[in-house]
Structure formats: C-alpha cells, structure tokens
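Let's take a quick look at a few loop residues in this one. Have the model open as you read.

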Amino acid sequence: MRRREFMRTGLLGAGALALGPAFWEDALAAAPATPGPGPYGPLLAPDANGVMLPAGFRSRIIARGQTPVENTTYVWHIFSDGQATFATEDGGYILVANSEAPATAGGGASAIRFDRDARIQDAYRILADTNNNCSGGGTPWGTWLSCEETDTGRVWECDPAGKKPAVVHPAMGVFSHEAAAVDPDGRRVYLTEDSGDGGFYRFTPTAYPDLSAGLLEIAVAGPAGEVTNGGKVTWVPVPDPSAATTPTRKQVGAARFRRGEGIWFDSGIVYVATTSDDRIYGYHAATETIELVYDGEAIAAAGGQTPLSDVDNITVSRQSGDLFVCEDNGNPDPFDIAIITPDREVARFLKLTGPQHGMGSATSETAGVIFDPSGTRMYFSSQRGFGVGVVYEITGPFRLERAGGPAPGPPPPSLLTDLRAPASIAISSFRRRGLPVTVGLSRAARIGLTLKAGGVTLARATRGGEQGEERFALEPTAAGRRYLSGRRRVSARLVATATAGAQSSSDELQVVLRGASSGRGSPGRGPRGRPNGSRNQRVRQGRPRNRRQQRFSGR
C-alpha cells in the first residue's frame, strides 16, 4: 500500500482523528466515573428522526442501508458499525464506515466524502468481500483498519479515498477482531477481541508503520486470569497468530476481557471497553498498568442507577476531552450514547426511540461514534435501524475547549511527501551503480530505506534528511548479491520510513529487477498518472529544495 498516495489524494493523517487531552491521565488516578447531570443537561422529546438530544442539538440522516447516498448513485451498505473521519486538504473530510454483514450480503466498508460545509460530494466502496466488519481504527498515516468479527477474522488496511485496494494483515492475528487503536509513541497497534473470554492484544510491527509483519502479544493480568484495577500487565507472545489449531486467546494463560469491544488511544492511555461487565479500562502504555475508568456493575451493585450499560464503541473528543460511549443493546434501557467527562461524571448524551430500531433478537444498537476533524459534528449509526442500518449526524453546541486551555491545533503534515524510484532496473545496473531513490520530506527527519524480495534484504540505508528532496543510491547487500545471482526477474518492495520525534510516516513502491534476458520495463506511474521520477512529482512548489546525494553500501 503506497501511503504517499493517501496524502496526494488530499487526505491528512489520522492525527485528524479526535485525539483527546493529556489531563485524562490525571483523571485515571482517581475513582471510576459516577452518574451525574452531565455538561449538556437533560434530553428533550424525540425529534423528527426519533432522536432525543439536549437543547440546541439537531440530527439528520446521512446514509441508510440499501438506499443511494444523497447527491450520489452509490447504494449504502447494510448494518453500519465502526466509523472514522479523515481530513482532506481541501478543507473537507471523509467518513468511513464498516458493514457488519457477511460477504454475501455486501460486507466490507464504504466511505462518504464531505466538502468543508459538510455537504456530501461522493460515496463509494473501500472494502468488499469480507465478513462481519465490526469496528476498527484510524492510523496516523491516514488509513482505516477494518476488523472482521468472526473466528477467522483478520484486519484489513483500507484507503479512505478509495484509490488503492485494501491489504490484509494476517500477522495481526486471526480471531474475532473488534477494534484497533494505534499508539504512535510506542509504535504499536492495540486490538480487542469480541468474545466472552476474549483477549487484549498488542501488535509491534517489524518496520513501523508497515503492518505486514511483526510480533503479536496478548495481555496477562491477575491471579485468576481476570483484569484487576491498578494491576500490572504482562505481555506474552502469541505462539501461532494464525490460530491454525488453537484460538489465539487460548494458546497462553491470557487475561480475560469479557467481550472486548471499543478501543481508543489518547495521550499515552489506551481505553478499552468490555461489554459483558460494563467496564471501561485505561491502560497506561508507558508503565504497562491498567485501571478502571468506568464500572457499571459496581454502580449497580451499590444500588445506583447508571445511564450507561453494555459499553461498546468509544471515542474521545479532541476538542473537549469528553469520552463518548455507545451501547451494545443496553437493555433494559437501550439505544443510548453516554458521555464521560474528564472529571469522571457519566451522563446520557442521546437516546434513539421508535420501532425502527427493532425488538427482540432484531434489536439494533448504537455504534461507530466519531467526530469530524473540527469536533463540531458527531456521526454514529443505529446498526440495524429500519432493518438495514442508518447513519446519523449530530450538530450543536459541543464543547470545543477543555480544562487547562483550548483544544490542540491541527495535526502536522505527513513527514514523507514523495518517494520515487525506477519501476524497473537491470540487475547489472543495480550491482554497479545502485538503485536511485528520491525521498521528499516536509521537515527534517530520519530516513530509512529497505529493498526486499523473497524475505531477503537486497539493499538498505539510514540517514538524517532535511526539508526538501534527499537522494540515495542504494547498493546491494552481500545477501542481496547472492540472492540475485542467476535470476532473470525479481519483484522487490521498496519501503521508506521517516521519523521525527513521535511522528512517523511510511511509503512503499514496487521495483522490478531484470536479468539479462527479461526485457526492459517502463516507468511506474505516480498518483496523477505521471511516470515515477518525472519532474512533475517533486515536492510542492515553493518548498526549500535540498539535492544531496550519497551512496550507501548495505552491510
């Protein structure tokens, strides 16, 4: 997957996904949240869409299953679930949504593109032929991780712009995936499993942020396998992530997370919702400890009444730091989205009403709660509303500041702005002169380049770079020379990474190495149909240019 092209099509990184304030870390040191009136006051009577909201808020229907999306001919999928938004360079944004339906009924994911005024411009498919895609998560490099909730479920990395095909990542485990959250500081992805004795996983990529290979681990905590408040978490490698003979959660003595569902990373904390015991945990990535943010069972056991049960999908408002929580069923008082404030107060924010949300085994649930990049529009779904699923938008006086100051500014641009290399090169030329590579940077960063084929590193280089263009000539490693000897044609993958502090970006290209009789290739094509290496693929006009070139010999 060529992550440069997500940027070139106008997408900003998932810093645009609502990341909340650091003061949640202080809140976690106190007792779990308790019921209160909330910051928005009581709910009013249902509006025309059957949605009960606080004063000043409004709802509108954005998409409905088996119906063309407004201003488009695209027929929306059924059973919308997990969602995310991605800012675009034109001031608009893209909403992506999963379909928790089997492949035979259109499972996968779709997207809606909005302009800067939230008017729908387009709708399209970004993932097809997959099963029960429940939730997922956005990445800092601008992709959507769509999770299959089946015993043989996998994680699919999707392009929200719909320009590139989705890529499956079996290394992230084969199990009943629910959701994913990226920790850009620790360079890991955390994963939940929707099972009564499900696990809490973390995936450490071999070459972050490339998710094609890495180490899958599962959490261990508590003497009886249960998660304990304030307890230390131990991580144990999963012996067989493919679960060929034994489910991943049963291969080692893992902690039991009772139907792990929503997950969200914020300021060093991974929030994990477990439906069966009405809990939301806060996992401190730096100290590897876990404690409770919300405990619905404890409130009920103490004789209290809570507006939140069967916790499911979660999100944090980047602007206010408020945690919003969907309900999976939520009986006996279903169809709510609740708010948990940074001062540990939980209250109902909205409620769905009306027969369109089902009864009995056909009951719907709220899902996919997410904000647009501005924090002024909320999106969520009634997964089986009207029998096919419906997506709502909520607007109104959302809190846009948080305690201690205003919301953080917009996310920084991607470090990698360009990656160019010949689509095809003669092996003899590669041996003599190396592979010419040009990397574009938005600011100073550490660059890493790796050329691989058949599990062998053919060439590699690492060095610091300045804003503008950096040029390399990648010479083959000793192992690469041996691997290429006598071969007529080799398809290799060039991966570039750029790192500056906690921020990172990556991109990749396919390069064909030709033997003496394999024929000449043609230049690869860039995101606008131009040949790779053309002058038209330079860094955006007006940026400082740096044309350093240095030869590297891999060791």
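Leaving aside its neighbours within four places in sequence, which residues is Asp-115 in contact with? They are Gly-92, Tyr-93 and Gln-121, where contact means heavy atoms within 4.5 Å.

Before going on: this is a predicted model, with local features needing pLDDT of at least 70, side-chain atom pairs counting only at pLDDT 80 or more, and totals for chains, interfaces and linings using all residues. Residues are numbered from 1 along each chain as its sequence is written, and side-chain values use heavy atoms, leaving out hydrogens and water.

Back to Asp-115, which sits in the loop between strand E6 (108-114) and strand E7 (120-128); strands are DSSP runs of at least two residues, numbered from the N terminus. With a relative accessible area of 15%, Asp-115 is buried (buried is under 20%, exposed over 50%, partly exposed in between, with a 1.4 Å probe and protein chains only). Its side chain also reaches the backbone nitrogen of Asp-117, at 2.9 Å.

Next, two arginines. Each has a positive phi in a residue other than glycine, and each is partly exposed.

| Residue | Phi | Relative accessible area | Loop between |
|---|---|---|---|
| Arg-187 | near 55° | 29% | strand E12 (177-183) and strand E13 (188-193) |
| Arg-259 | near 65° | 24% | strand E17 (234-237) and strand E18 (260-266) |

One more loop to visit: Pro-209 lies between strand E14 (200-207) and strand E15 (210-220). The peptide bond leading into it from Tyr-208 is cis, with omega near 5°.

Terms used
Helix = DSSP H or I, 4+ residues; strand = E, 2+ residues; numbered from the N terminus. Polar contact = N/O pair within 3.5 Å; in protein donor to acceptor, adjacent residues only side chain to side chain.
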